[in-house]
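The following note is submitted for a colleague's consideration. The points are numbered for ease of reply.

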Amino acid sequence: MKIAEKDQTEEHKKMFELSDKLVSELKESDIIIISAPIYNYGPPATLKAWCDLAARIGETFRFKPNGRREGLLKNKQAYLVITSGGTKLNSSEDFLTPWLKFILNFFGIEKVKVISADQMALDYEKSIKEAEKQIENII
């Protein structure tokens, strides 16, 4: 969204201030860690809002002359720590993980590793132990 500074309300200014901060944090980071639960099969509202505020033309992505999008945040590593009560990660009911990978790729972040602690309501101990093993394999 581009609103001329003279036309910005106080609410716009606050939104752009937060957006600028989030974009700056992403640009300055080599490693991004996002921990998120699967809420009702998708992302929590706060994570969706974060993505919306971080999606800035000319900052985190751009349009090429042919109309295709290009992510501008290259050479970064993202780690996603995904939790759920009952939803199996990467199942047909998991809309968070593929969406979040897509958004990060849209920003240009192509190196994405997932650590899952899914189905915690079904077997909490097993879920935590499997997540710990995944972390050990990364380290």
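**Note on the predicted model**

Ile139 is exposed, with a relative accessible area of 83%; here exposed means over 50%, buried under 20% and partly exposed in between, computed with a 1.4 Å probe and protein chains only. The model is a predicted one, in which local features need pLDDT of at least 70 and side-chain atom pairs count only at pLDDT 80 or more, while totals for chains, interfaces and linings use all residues. Residues are numbered from 1 along each chain as its sequence is written, and side-chain values use heavy atoms, with hydrogens and water left out.

1. Ile139 is placed in the segment after α4 (124-138); helices (H or I, at least four residues) and strands (E, at least two) are DSSP runs numbered from the N terminus. Together with Ile135 and Ile138, Ile139 forms a nonpolar surface patch of about 300 Å² accessible area. Areas follow the Shrake-Rupley method with a 1.4 Å probe, and for residues only the protein chains shown count as cover. Patch members have over 30% relative accessible area and no salt bridge (a side-chain nitrogen of Lys or Arg within 4 Å of a carboxyl oxygen of Asp or Glu); nonpolar side chains (Val, Leu, Ile, Met, Phe, Trp, Tyr) are joined within 5 Å, like charges within 9 Å.

2. In soluble globular proteins, nonpolar side chains tend to be buried together. The largest nonpolar core (buried Ala, Val, Leu, Ile, Met, Phe, Trp, Tyr and Cys joined through side-chain atoms within 4.5 Å) contains 24 residues, and Ile34, Leu47, Leu100 and Phe107 have the most contacts inside it. At least two residues of this core come from each of α1 (10-28), β1 (31-37), α2 (45-54), β4 (77-83) and α3 (96-106). Beyond four places in sequence, the contacts (heavy atoms within 4.5 Å) of Leu100 are Ile34, Leu47, Cys51, Leu80 and Ile82.

3. Side chains alternate along β1: Ile32, Ile34 and Ala36 are buried on one face, whereas Ile31, Ile33, Ser35 and Pro37 point to the other and are not buried. β1 pairs with β4 in the parallel sense over seven bridges; pairing requires at least two DSSP bridges between two strands. Ile32 has Ala78 of β4 as its bridge partner.

4. Two backbone values merit a check. Tyr41, in the loop between β1 and α2, has a positive phi near 75° and is partly exposed at 42% relative accessibility. Gln119, in the loop between β5 (111-117) and α4, has a positive phi of about 55°. Most residues other than glycine have a negative phi.
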